[in-house]
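Work through the exercises below with the sequence and the coordinates open. Each task is followed by a solution in steps.

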Amino acid sequence: RQASSALVIILWLAVNASAFFGFGVRDSAYIANFMVLLATGLLLGWQAAVALSILTILTGVGMAYAEISGNFQNIDYVTSPLTAIQDMAVIFVIFTFFIFLLINGLENAIKSAQAGTKELEKANFELNNARVRLEENRNELLAANEQLKRRAERMSTISNISKTITLVQQLEQLLPSVVNT
């Protein structure tokens with residue numbers, strides 16, 4: 001943030017110093033304030049861009065009065081410097097409004113993306129918990145299945161012995177038949 005502030009201050013001073021030592025508010029360097037305002041909005045937020053826009057307009061008014069008082073090179077222009085700065089001030093206000101809309105939209109998009117990221121993290125956490133529970137349930141089911149297989153084998157053995165007992169009527173044949181089953 002400090003580096004961004006330093007960059008904006010240096011750019012603003014360079015642009016306005018160039019305009020001051022050039023032809024004031026009619027100098028092409030003064031128009032470069034639009035780029036400085038855009039950079040300010042992107043780097044520091046729309047509030048800083050609004051503040052710098054106000055400062056730029058006030059600086060322009062000061063340069064216009066300096067030109068009227070004869071502090072700049074006198075070039076014959078059809079319009080007065082006050083008319084020029086009035087026109088530029090309206091343009092700066094409109095441009096600042098567009099910067100506000102742009103930066104505000106970008107900030108809202110970032111907030112929305114961050115909220116979406118948090119929701120995805122929460123859903124991912126819940127899915128991981130569900131996966132762990134499913135693995136635990138799977139292991140429990142496998143253990144229960146093994147237990148049921150052993151019980152089924154015992155039941156089958158008991159069933160075979162019962163059939164043998166039912167089929168064999170003689171006691172001497174019964175004991176070897178049960179052991180073989």
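**Exercise 1. Charged pairs in one helix**

Task: Determine whether arginine 131 is buried, partly exposed or exposed, and identify its salt-bridge partner.

Solution. Step 1: Arginine 131 has a relative accessible area of 42% and is therefore partly exposed; buried means under 20%, exposed over 50%, and partly exposed in between, with a 1.4 Å probe and protein chains only. Step 2: The model is predicted, so local features need pLDDT of at least 70 and side-chain atom pairs count only at pLDDT 80 or more, while totals for chains, interfaces and linings use all residues. Residues are numbered from 1 along each chain as its sequence is written, and side-chain values use heavy atoms, with hydrogens and water left out. Step 3: A salt bridge requires a side-chain nitrogen of Lys or Arg within 4 Å of a carboxyl oxygen of Asp or Glu. Arginine 131 forms one with glutamate 135, where the closest N and O atoms are 3.0 Å apart. Step 4: Both residues lie in helix α5, four residues apart, which is about one turn of the helix. Helices (H or I, at least four residues) and strands (E, at least two) are DSSP runs, numbered from the N terminus. Step 5: Glutamate 135 is partly exposed as well, at 43% relative accessibility.

Task: How many salt bridges does the rule give, and what is the N to O distance between glutamate 146 and lysine 149?

Solution. Step 1: The count comes to two salt bridges. Step 2: Glutamate 146 and lysine 149 meet at 3.9 Å, N to O. Step 3: This pair also lies in helix α5, three residues apart, about one turn of the helix. Step 4: Glutamate 146 is partly exposed at 40% relative accessibility, and lysine 149 is partly exposed at 45%. As background, side chains of opposite charge can pair when their charged atoms come close.

**Exercise 2. Overall make-up**

Task: State how many helices and strands the protein chain has, and what percentage of its residues is buried.

Solution. Step 1: The protein chain holds six helices and zero strands, in the order α-α-α-α-α-α from the N terminus. Step 2: Of its 181 residues, 24% are buried. Step 3: The accessible surface is about 12700 Å², and carbon and sulfur atoms account for 64% of that surface; areas come from the Shrake-Rupley method with a 1.4 Å probe, and for residues only the protein chains shown count as cover. Step 4: Among contacts with a separation of 6 or more, 65% join residues 24 or more positions apart; contact means heavy atoms within 4.5 Å.

**Exercise 3. Packing of α1 and α3**

Task: Find how the axes of α1 and α3 are oriented, and which residues of the two helices meet.

Solution. Step 1: The axes come within 10 Å and cross at roughly 170°. Axes are lines fitted to C-alpha atoms, for helices over the stretch in contact, and angles run from 0 to 180 degrees between N-to-C directions. Step 2: The two helices are therefore roughly antiparallel, a label for angles over 145 degrees; under 35 is roughly parallel, 65 to 115 roughly perpendicular, and the rest oblique. Step 3: The α1 residues that meet α3 include Val8, Leu11 and Trp12, and those on the α3 side include Val36, Thr40 and Leu43. Step 4: Threonine 40, in helix α3, is buried at 1% relative accessibility. Beyond its neighbours within four places in sequence, threonine 40 contacts Val8, Gly45, Ala48, Ala49 and Leu52.

**Exercise 4. Contacts of α5**

Task: Which residues do phenylalanine 95 and threonine 96 touch, leaving aside those within four places in sequence?

Solution. Step 1: Phenylalanine 95 is in helix α5 and touches Phe34, Leu37 and Leu38. Step 2: The C-alpha atoms of phenylalanine 95 and phenylalanine 34 are separated by 7.5 Å, although the two are 61 residues apart along the chain. Step 3: Threonine 96, also in helix α5, contacts Leu37, Ala49, Val50 and Ser53. Step 4: Threonine 96 is buried, at 9% relative accessibility.
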